[in-house]
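Dear colleague,

I am passing on the structure we talked about, placed just below, together with notes on what turned up in it. Please read the notes with the structure open beside them.

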Amino acid sequence: MRIGKARYLAPVAALVVAASACSNDEQSPDEASEEVASLEATDLNPAAREDLQEGGQFIWALSEYEDQYNMVHIQGNKGDVRRVMAALMPSITRFQPDGTYEPREEFVLDYGVSDDGLTVDFTLNPEATWSTGEPVTWEDYAAMVDVIKGETDGEFEIRGDDGYKYIEEVVEGEDEFSFSLEFSQPYADWPALFDIVYPKEYMEDEELFADGYTEGEEFVTAGPFADPQFDEVTQRITVTRNEDWWGDLALLDEIIFVNVAIDGQATAFNNGEIDGFYLGYDAAGYQLLEGKEGSYFTRAVNNGHRFVSVNAGSEILQDKNVRHALSMGINRDTLAEVALSPVDWPITGDVNRLLRSSQHGYQDNSGDIGDYNPERAGELLDEAGWTLEEGADFRTNADGDTLTLSYVASDDMQLAKDEADITREMLAEIGIEVDVQHVPGNALFSDYIVPGNYELAAFVLTGSNPYPTDSAGNYGGPYNDEGTDWGNNTSFHSTEEINDLFEELSQETDPDRYAEIANQIDAALWEEVLTIPMFERPGQYVLKDNLHNWGEYGLTGDYVYENIGWAAE
């Protein structure tokens, strides 16, 4: 079994680890760190287009069948939604594994920033066309800016304004295929803007914004694939090659996205029902498929991390002492070991919310707050007025209320249920009662996380680009004067310091200073305990070995969908 930092396994955690049949040889923290540092930036089982066949279908397993596919909408900003929509919609940038970038020429022929950083000029590709036959013009980009900034009349549930809030004006250029963004201050991460673009009509009308890209509607698209067909019975979405695509035509005839419960994906792959899926930390799946003939396991850095989310907006968790106690009462090393040891992934005990281990400046900033220290946790709870009476199992306050926290866990994922059970027993040791609720996986976010109907939950944030500024929406806010709109910040809390640091980060162009600020933000997030990071997510996909240009994409943020294909026979 691989061991990172010193670990103190609670009895239930030890049982879970034993049950997962760890087969790894023991590994020191230094060896684990060296292995993490040696991981590839991406692993897509690469092949040149000329070595791949034209045609065929790819059955791609997702973990949810969603309803909302407008990614600007707060309910649509999800990883599985992006997997579908990235095949269908415009974006402006192709990121490279090392974090460098270039314009995605199918939509943007050229772009560049002025010396003072206040103007970004765009030259659009006039061949880019919506499925309606209308061209993709500067007006589509301008409409995106207006709605995200809150300048469009109507009620719009927005995911967050990120870098768009610095845009003062969108100025039409010489024709409808050129424009400029005028910024109030330099925004260093401007290539990450417009990571997806929708037609202006759907950004200008609140009804179309809310309902125009929902399951069952006819989507307006502009990508290498088109015409998404939804089958609610089988929970499949089929997209077909766009024969009118002006770039390199997609190699595949179609991609079929199918909803398969996370714990059932390995079995579905083993049975030949799907062609590829994210294995991650599925211990049973790893044991089932390890060494399977005809399969390819990716091994690279994933642009995501798993954590326990803490709803600091909940009345019982508004006291920072209580949140500090939670962090010190949860053994993060144990949770990482339970998840990663069974799938032969290095465990270092280190994680950073903003920077991945392959990025410049990556470091762990957890300090004392991230260390397992149940004794200090108990002291903090005493200071917060939650005392443990002699003979009692759980703490109460002066009013006699029991310190009880709700923990929601997806019933589609065994690891999530194990994490909840382990956390419940750990926190019971310091007198906190945890009420674990198993909820349907496809309702976890829409019914619990996004509306704030929870106090603890474990899930993943994944990046769509190399820039940590993009996570401002997850940790900053609020986004209205009343302090009620938190956008994608599902911890429902932030501070002026965090918001100011994100603003400073957004303007910084020096890599060393950029990394320094990112680490200051991560440290500030530890101080506030908005989340309790557990580990960097493993970049481990499983796919048929003759499928190419698909798998772990790392910091590149997405696939080149038109290049995904099967080896020529």
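Within strand β10, I255 is the bridge partner of V239. That pair belongs to a longer run of contacts, since β9 and strand β10 (residues 254–259) are paired in the antiparallel sense over 5 bridges. Please keep in mind throughout that this is a predicted model.

On the β8 side, strand β8 (residues 225–231) is joined to strand β9 (residues 236–241) by 5 bridges, and these two strands also run antiparallel. Here Q229 has T238 in β9 as its bridge partner. The two strands β8 and β9 form a hairpin with 4 residues between them, and in the turn Q235 has a positive phi of about 55°.

Strand β18 (residues 541–544) pairs with two other strands. Strand β11 (residues 276–278) runs antiparallel to β18 and is joined to it by 3 bridges, with L543 in β18 as the bridge partner of G276. Strand β12 (residues 295–297) is likewise antiparallel to β18, again through 3 bridges, and in this pairing S295 stands opposite K544.

Turning to the domains, the assignment for the protein chain gives domain 1 (40–63 + 224–294 + 545–568) and domain 2 (301–539). Their C-alpha centres lie 31 Å apart, and 15 residues of domain 1 are in contact with 24 residues of domain 2. From the record, an unreviewed UniProt entry lists residues 111–480 for "domain: Solute-binding protein family". In the model, the end C-alpha atoms of residues 111–480 are 32 Å apart, and the span is 24% helix and 21% strand.

The next point is the packing of the interior. The largest nonpolar core has 138 residues, and those with the most contacts inside it are M85, Y141, F194 and Y198. Helix α4 (residues 138–149) gives the most to this core, with 8 residues. Because domain 1 and domain 2 both give residues to this core, it lies between them. Leaving aside neighbours within four places in sequence, M85 is in contact with Y69, I196, Y198, Y213 and F219. There is also a second, separate core of 18 residues, which includes L355, Y467, F502 and L525. As a general matter, nonpolar side chains tend to be buried together in soluble globular proteins.

Helix α2 (residues 29–38) is a case where buried and exposed positions can be told apart along one element. Which residues of helix α2 are buried? They are A32, E35 and V36, and, seen down the axis of α2, the buried residues fall within an arc of 100°, so they line one face of the helix. On the other side of α2, the residues D30, E34, A37 and S38 are exposed.

Finally, a single position that you may want to find on the screen is A377, which is found in helix α11 (residues 374–383). With a relative accessible area of 0%, A377 counts as buried, the cut-off for that word being under 20%. Not counting residues up to four places away in sequence, A377 touches A325, M328, G329 and I430. By contrast, A377 and T556 are 179 residues apart along the chain, and their C-alpha atoms are separated by 40 Å.

With best regards

Methods
Residues numbered from 1 in each chain as written. Predicted model: local features only at pLDDT ≥ 70, side-chain atom pairs only at ≥ 80, totals over all residues. Heavy atoms only, no water. Core = buried A, V, L, I, M, F, W, Y, C linked by side-chain atoms within 4.5 Å. Buried < 20%, exposed > 50% of the residue type's maximum accessible area, 1.4 Å probe, protein only. Domains from an automatic or database assignment. Contact = heavy atoms within 4.5 Å. Arc of directions from axis to C-beta. UniProt positions renumbered as here; feature names shortened; annotations may be inferred. Pairing = 2+ DSSP bridges.
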